[in-house]
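This report is a guided reading for someone who has not met this structure before. It begins at one helix and works outward to the rest of the chain.

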Amino acid sequence: MDPQKEARTPRDLVARPPASRSQTPKEEERRESGEAPAAALGEEADDSADGLWELPVEPAERRPECSRCSRPQKVCLCPFLPVHPLHISTYLYIIQHPAEESKVLRTVPLLAACLPQDKCKVKIGRRFSEERDPELSTVCRKSGTLILYPGAEAANLEEFILDSPIYPSTIIIIDGTWSQAKDIFYKNSLFRLPKQVQLKTSISSQYVIRAQPTNRCLSTLECAAVALSILEKNNYIQETLLRPLQALCSFQLQHGAQIRLSKEHLLKNGLYPKPMPKNKRKLRKMELLMNSVKI
């Protein structure tokens, strides 16, 4: 689980006296006549603003969090988690982009809370190497390791396990936005060592409080739920892992959150609120989304 971050208090800054400057003849004339300098109000505002930095700053208080699901205690989702961690034989490695760690509605803590600690490991970072993470390097070099990332070279997971002479023992999933996941996958040579697989499923994401590029895109928790149910040959795993996600979305919608439609849906129905990009590459991607072509 993600450790709680301590609130950081900004350093007290000492107000600096305004820099002295020579007066222009016009300003001297105003001073002799008793008129206020033109910049007097501005200088007073600056002085008062500088003084604010000397006031004591109270550290921001974080709401107490549940130690299991990492949600605030008042909206704890533990009632929707399995009483005991699911029994699985597959090892799951989550490669999490650092930006995901601070997001409130992230799904990885819920996923980790459902699985045994020794079977679900979260690695946070953008760049990985054998020197930096020998354990991950060893995992990537094993013949029984898969990495879940869509693409032209990716095999269908369900078909792959039927023909593979070595049954997969480990699966790696990248956690982040699609652009973050792409950056991590292509800029880390370690992640091109395992067999690349993808999910071919018709299910739509139930993570409706966060926008996705297309209707077929799934959250990290949903990808893990589908992949583990295939590898373990147990549909109960998928049902169990999706339960806290459904509860999270239901709670957020009941308290003011809106259903976030995919970019694909918005484009197809003329609801996309932003102007079309001028960049030809980005424009081409938009056109592919509108025509439901896989990119």
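In this predicted model, the cover over the buried residues of α4 includes β1, β3 and β5. The buried residues in question include L136, S137, V139 and C140 of α4. Viewed down the axis of α4, the buried residues fall within an arc of 160°, so they line one face of the helix. This arrangement can be read beside a general rule: an α-helix has 3.6 residues a turn, so residues three or four places apart point the same way.

**The chain as a whole**

The chain holds 10 helices and six strands, and of its 295 residues 39% count as buried. Among contacts with a separation of 6 or more, residues 24 or more positions apart account for 74%. The area that the chain exposes is about 18700 Å², of which carbon and sulfur atoms supply 52%.

**Nonpolar cores and a surface patch**

In soluble globular proteins, nonpolar side chains tend to be buried together. Here the largest nonpolar core has 45 residues, and those that touch the most other members are L92, L111, L115, L157, L199 and L241. At least two residues of this core come from each of β1 (91-96), α3 (108-114), β3 (145-148), α5 (157-163), β5 (170-175), α7 (220-231) and α8 (235-254), while the largest share, nine residues, is supplied by α7. Once its neighbours within four places in sequence are set aside, L115 is in contact with P85, L86, I88, L92, C120, L228 and L241. There is also a second, separate core, made of 15 residues, which includes C140, A181, L190 and F191.

Nonpolar side chains are found on the surface as well, where L253, I259, L261 and L271 make a nonpolar patch of about 340 Å². L271, which belongs to the loop between α9 (263-268) and α10 (280-290), is partly exposed, with a relative accessible area of 48%.

**Salt bridges**

Side chains of opposite charge can pair when their charged atoms come close. The structure holds eight salt bridges, and the table lists some of them with the distance from N to O.

| Pair | N to O distance |
|---|---|
| R210 and E100 | 2.8 Å |
| D133 and K123 | 3.2 Å |
| D183 and K187 | 3.2 Å |

Which parts of the chain does the pair of R210 and E100 tie together? R210 lies in the loop between β6 (195-198) and α7, and E100 lies in the loop between β1 and α3, so the pair ties together parts that are 110 residues apart in sequence. R210 is partly exposed, with a relative accessible area of 24%, whereas E100 has a relative accessibility of 2% and counts as buried.

The salt bridge of D133 with K123 links the loop between β2 (120-124) and α4 (134-141), where D133 lies, to strand β2, which holds K123, so the parts it ties together are 10 residues apart in sequence. Both D133 and K123 are buried. By contrast, K187, the partner of D183, is exposed, with a relative accessible area of 54%. Finally, K121, K123, D133 and E135 are joined into one network through salt bridges that share partners.

Key: Residues numbered from 1 in each chain as written. Predicted model: local features only at pLDDT ≥ 70, side-chain atom pairs only at ≥ 80, totals over all residues. Heavy atoms only, no water. Patch = residues over 30% accessible without salt bridge, like charges linked within 9 Å, V, L, I, M, F, W, Y side chains within 5 Å. Areas by Shrake-Rupley, 256 points an atom, 1.4 Å probe, with all protein chains shown as cover. Salt bridge = Lys/Arg side-chain N within 4 Å of Asp/Glu carboxyl O. Helix = DSSP H or I, 4+ residues; strand = E, 2+ residues; numbered from the N terminus. Buried < 20%, exposed > 50% of the residue type's maximum accessible area, 1.4 Å probe, protein only. Core = buried A, V, L, I, M, F, W, Y, C linked by side-chain atoms within 4.5 Å. Contact = heavy atoms within 4.5 Å. Arc of directions from axis to C-beta.
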